[in-house]
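Here's a quick briefing for anyone meeting this structure fresh. Have a look at the picture, then read on.

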Amino acid sequence: MFNIIGLLVVGLIIGALARLIKPGKQALGLLGTLALGVVGALIGGIVASALGRGDIFELNVIGFVVAVVAAVLLIGVAEGMSSKGKTRV
């Protein structure tokens, strides 16, 4: 239970940091930020676990950095997918 709550809190923090790092205005709401942050946190945990630097749900520096980078990339992908049908002038 606490792992899920912790993952949501960390995911929201990672998503917010990723939005601050990514230049420009993002058309993501709070739930989108949370979802991309959680996915980024899971990616960071998996990478840290694969490198032998902790468990997937353990907060560590390598996992956190990878999670933020992954979330920034995911925001870029989400923006690209949402603006695919729109034309820019």
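Of this protein's 89 residues, 27% count as buried. Keep in mind that you're looking at a predicted model. The fold is built from 3 helices and 0 strands, so along the sequence the pattern simply reads α-α-α.

**The overall picture**
- The protein's accessible surface adds up to about 5900 Å², and carbon and sulfur atoms account for 73% of that.
- Take the contacts between residues at least 6 apart in sequence: 58% of them join residues at least 24 apart.

**What's inside**
- The largest nonpolar core has 11 residues: Leu7, Ile14, Ala18, Leu36, Val38, Ala41, Ala67, Val68, Ala71, Val72 and Ile75.
- H1, H2 and helix H3 (61-82) are the elements that each give two or more residues to this core.
- Which helix gives the largest share of the core? That would be H3, with 5 residues.
- Leu7, one of the core residues, touches Val38, Ala41, Leu42 and Phe57, leaving aside residues up to four places away in sequence.

**A closer look at helix H2**
- Helix H2 covers residues 30-50, which makes 21 residues.
- How far apart should its ends be? At 1.5 Å a residue, H2 should span 30 Å, and its end C-alpha atoms are indeed 30 Å apart, so the two agree.
- Quite a list of H2 residues is buried: Thr33, Leu36, Gly37, Val38, Gly40, Ala41, Gly44, Gly45 and Ala48.
- Leu36, Val38 and Ala41 from that buried list also turn up in the largest nonpolar core.
- Is Leu31, which also sits in helix H2, buried or exposed? Leu31 counts as exposed because its relative accessibility is 68%, and the cut-off for exposed is over 50%.
- Leu31 and Leu12 are 19 residues apart in sequence, and their C-alpha atoms are 8.9 Å apart in space.
- After H2 comes Gly52, which has a positive phi, near 75°.

**A nonpolar patch on the surface**
- Ile5, Val9, Ile13, Leu17, Leu20 and Ile21 together make a nonpolar surface patch of about 560 Å².
- One of these patch residues, Ile21, belongs to helix H1, which covers residues 2-21.
- Ile21 counts as exposed because its relative accessibility is 53%.
- Here's a handy rule for reading such lists: an α-helix has 3.6 residues a turn, so residues three or four places apart point the same way.

Note on methods. Residues are numbered from 1 along each chain as its sequence is written. This is a predicted model: local features need pLDDT of at least 70, side-chain atom pairs count only at pLDDT 80 or more; totals for chains, interfaces and linings use all residues. Side-chain values use heavy atoms; hydrogens and water are left out. Patches are made of residues with over 30% relative accessible area and no salt bridge: like charges are joined within 9 Å, nonpolar side chains (Val, Leu, Ile, Met, Phe, Trp, Tyr) within 5 Å. Accessible areas come from the Shrake-Rupley method with a 1.4 Å probe; for residues, only the protein chains shown count as cover. A salt bridge is a side-chain nitrogen of Lys or Arg within 4 Å of a carboxyl oxygen of Asp or Glu. Helices (H or I, at least four residues) and strands (E, at least two) are DSSP runs, numbered from the N terminus. Buried means under 20% relative accessible area, exposed over 50%, partly exposed in between (1.4 Å probe, protein chains only). The expected span of a helix is 1.5 Å times one less than its number of residues. Contact means heavy atoms within 4.5 Å. A nonpolar core is a set of buried Ala, Val, Leu, Ile, Met, Phe, Trp, Tyr and Cys residues joined through side-chain atoms within 4.5 Å.
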